[in-house]
Amino acid sequence: MISVVFLVRNCSISLRRFLLLADSLSENRVNSIFIDLFNFSDDIHKAVDELNIARPPKMVSYLTLVKETKNTRKTSDLSYSEVGDETLYENQTLYKDKVIKKIISSGIGRFRFSVDVANDFFDQMSVTGLIYDSEVPLQIRAFLFSANKRNVKTISIQHAEGWFDQYRNFPLLADYYVAYGKYNKKVLKAMGVDSTRIILSGSLDPENNGENIIKYKNLPEKIFLSKSQTGSKNKGVLVALRPSCFLEYRTQNEELIRQVMDVARSADDIQVFVKLHPRDCDELDAWEKLYKSKQIKFISGTSPIKELLRKVDVFVTCRSASIIDAVCMGKKILLVDYVEDGEWPPWDKYQVYLKLKPSNVRTALLRTLNGEIDYHAMNKKREEFIEDFRLVDANRGIKYLSNNLLKLLN
Amino acid sequence: MKGLALKSIKKFIYIIRSPDDYDNVVKIIEENVAEKSAILQLSYSYPYFMDDLVGKKYVVSWSEMGVSNAIIRRYWMNNYKELGKKIAQSMEVSSITDASINNDYFLFEVVWSFGSKYIDVVDSIQLLFEKNTEKKYFIVTSPKCQDTFVDQVVFDTLRYLNVSYEVLAR
């Protein structure tokens, strides 16, 4: 029996796709093991429940692997006392060289320890493939390194539909890459990945390809006001926040909510839904305490955004992969253009949303709700946008990817 | 904007490494020059420049102090190739030929550490003092992690900038 390992680094959309893929692989007698790198077991179990996964994968905690590792190598934190030399600092080149050398020497211990953990795991399990969505965490790179030495095939699955341009400079560490759409395949090829190593999977969200619609048992439907409760004039506005764990984003999130709520308070028929970023798993209570109004409802970061988009007319967001969902669903999109947003795909050229400065959200939202902005004019390149960024294809998707992986792993 | 509005120049900036240090620092502030004091939080782990305590008395956000985008600069990510080349050369000079570390998997770790724990920290601390040009700053950091890399980088940068600082003994 083939065994495949999935490295789970957070509870974002990748977890859902990993679970669906593992479920599909299990139909072909592939055994999936989820290594929970950062203690997300509760979120993984919750996602298993929400997706109605009939054959949940085996869960392994990384902490347990660390505890059980046979190697007694000690990890060293970066201890830098010897670098602290004010005369040396005057010479920036020398200082930087010394800093780099210190980082190298202390990093060696941590890297080797992480490789030992991965080696011990592979020694005990017969694994054919390793699936991950970001090479940034040390633990993932250590597993990739170990897998590479053992001929375990490594497969990188794009972790969000829009977030690839930032990775253009990174080294290529996987044997195979999964691209959801044509644009991402183009980026991978430009990075030097041979076409034979790229699987163009199409969207991995089954509902996009006409596969079985997943019913989310735990989606908080009760938060939405029914038409009978609200009347036909009810207007729904969904605001998707940036990760509030980051310095600047929290302030920007607060300012965004303030402007949207200014508009909401001006009329009784506006309902605002604020979806937290998937990274902010534990923040729901804190936000709810900050804003006490019947007109605003906060939604967990792990709730599927597509379900929320279906309930609203207007979507206010920054650059994020959820733009693609909103464009596909024909929503009126207000994209808040934060200047520091690094590299993103060239979505602007398709003109499928209203791009605005952060300070203009209040005015633009009011004009949108009053029907003063012509959103039909933004539909000209919609089909082209969808073709490039979300390959909706009944012949592709989770099952297609699962079948392709089977061929690679056999 | 939550927190203390910076209408006056702050001469005393307390950089605390843990929320546990907050109460002690407030006590010190109130025994001294409260109206010219501000507290900033530099957490133990990446992304370091946190604003979790904003809303509490004397606590200000990094952006209020002129250090904008501290965490989302991602210098290491945007300059990966250039940094990687420099570090690879440094490894070569150090005669690191062991294949278990002379590879892209480990190099990635060094580039990430150098960019996020050194370049971004130095840039942000320098920006803090460029934007707050009044001299005679008196910096007090909490002691819990004074031997860590990030602490040392902060101290060295302060010395380089000729800023007086003191490490608060717990």
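A:F143 sits among plenty of partners: leaving out residues up to four places away in sequence, A:F143 touches A:L7, A:I35, A:Y62, A:L65, A:A118, A:F121, A:F122 and A:L130. Keep in mind that this is a predicted model.

That crowd fits into a bigger picture. A:F143 is one of the residues with the most contacts inside the largest nonpolar core, along with A:I35 and A:F385, and this core has 109 residues. Its largest share, 15 residues, comes from helix α4 (residues 104-130) of chain B. Besides that, there's a second, separate core of 34 residues, which includes A:I2, A:A22, A:V178 and A:L409. As a rule, nonpolar side chains tend to be buried together in soluble globular proteins.

Now for chain A as a whole. Chain A has 15 helices and 13 strands, and 58% of its 410 residues are buried. Take the contacts in chain A with a separation of 6 or more: residues 24 or more positions apart account for 69% of them. On the outside, chain A exposes about 17,900 Å², with carbon and sulfur atoms supplying 47% of that.

A charged residue worth a look is A:E135, in the loop between β4 and α6 (138-150) of chain A. What is the nearest side chain of opposite charge to A:E135? That's A:R141, 7.7 Å away, and A:E135 is buried yet has no salt bridge. A salt bridge would need the side-chain nitrogen within 4 Å of a carboxyl oxygen. Setting aside neighbours within four places in sequence, the contacts of A:E135 are A:I140, A:R141, A:L144, A:F170, A:P171, A:L173 and, from the other chain, B:F108.

Over in chain B, B:F12 lies in strand β1 (residues 12-16). B:F12 counts as partly exposed because its relative accessibility is 22%, and the cut-off for buried is under 20%. B:F12 and B:N162 are 150 residues apart in sequence and 15 Å apart in space, C-alpha to C-alpha.

How far can you trust the details? Chain A averages a pLDDT of 84, and 85% of the residues score at least 70. Among the elements of chain A, strand β4 (residues 129-132) has the highest mean pLDDT, 98, and helix α8 (residues 227-230) the lowest, 42. Two stretches of chain A stay under 50:

| Stretch of chain A | pLDDT | Contacts beyond four places in sequence |
|---|---|---|
| residues 77-82 | under 50 | 21 contacts |
| residues 213-233 | under 50 | 35 contacts |

Where pLDDT is low, the predicted coordinates should not be read in detail.

Methods. Residues are numbered from 1 along each chain as its sequence is written. Chains are lettered from A and ligands numbered from 1 in the order in which they are written. This is a predicted model: local features need pLDDT of at least 70, side-chain atom pairs count only at pLDDT 80 or more; totals for chains, interfaces and linings use all residues. Side-chain values use heavy atoms; hydrogens and water are left out. Helices (H or I, at least four residues) and strands (E, at least two) are DSSP runs, numbered from the N terminus. Buried means under 20% relative accessible area, exposed over 50%, partly exposed in between (1.4 Å probe, protein chains only). Contact means heavy atoms within 4.5 Å. Accessible areas come from the Shrake-Rupley method with a 1.4 Å probe; for residues, only the protein chains shown count as cover. A nonpolar core is a set of buried Ala, Val, Leu, Ile, Met, Phe, Trp, Tyr and Cys residues joined through side-chain atoms within 4.5 Å. pLDDT is the predictor's confidence in each residue, from 0 to 100. Lys and Arg count as positive and Asp and Glu as negative; His and the chain ends are not counted.
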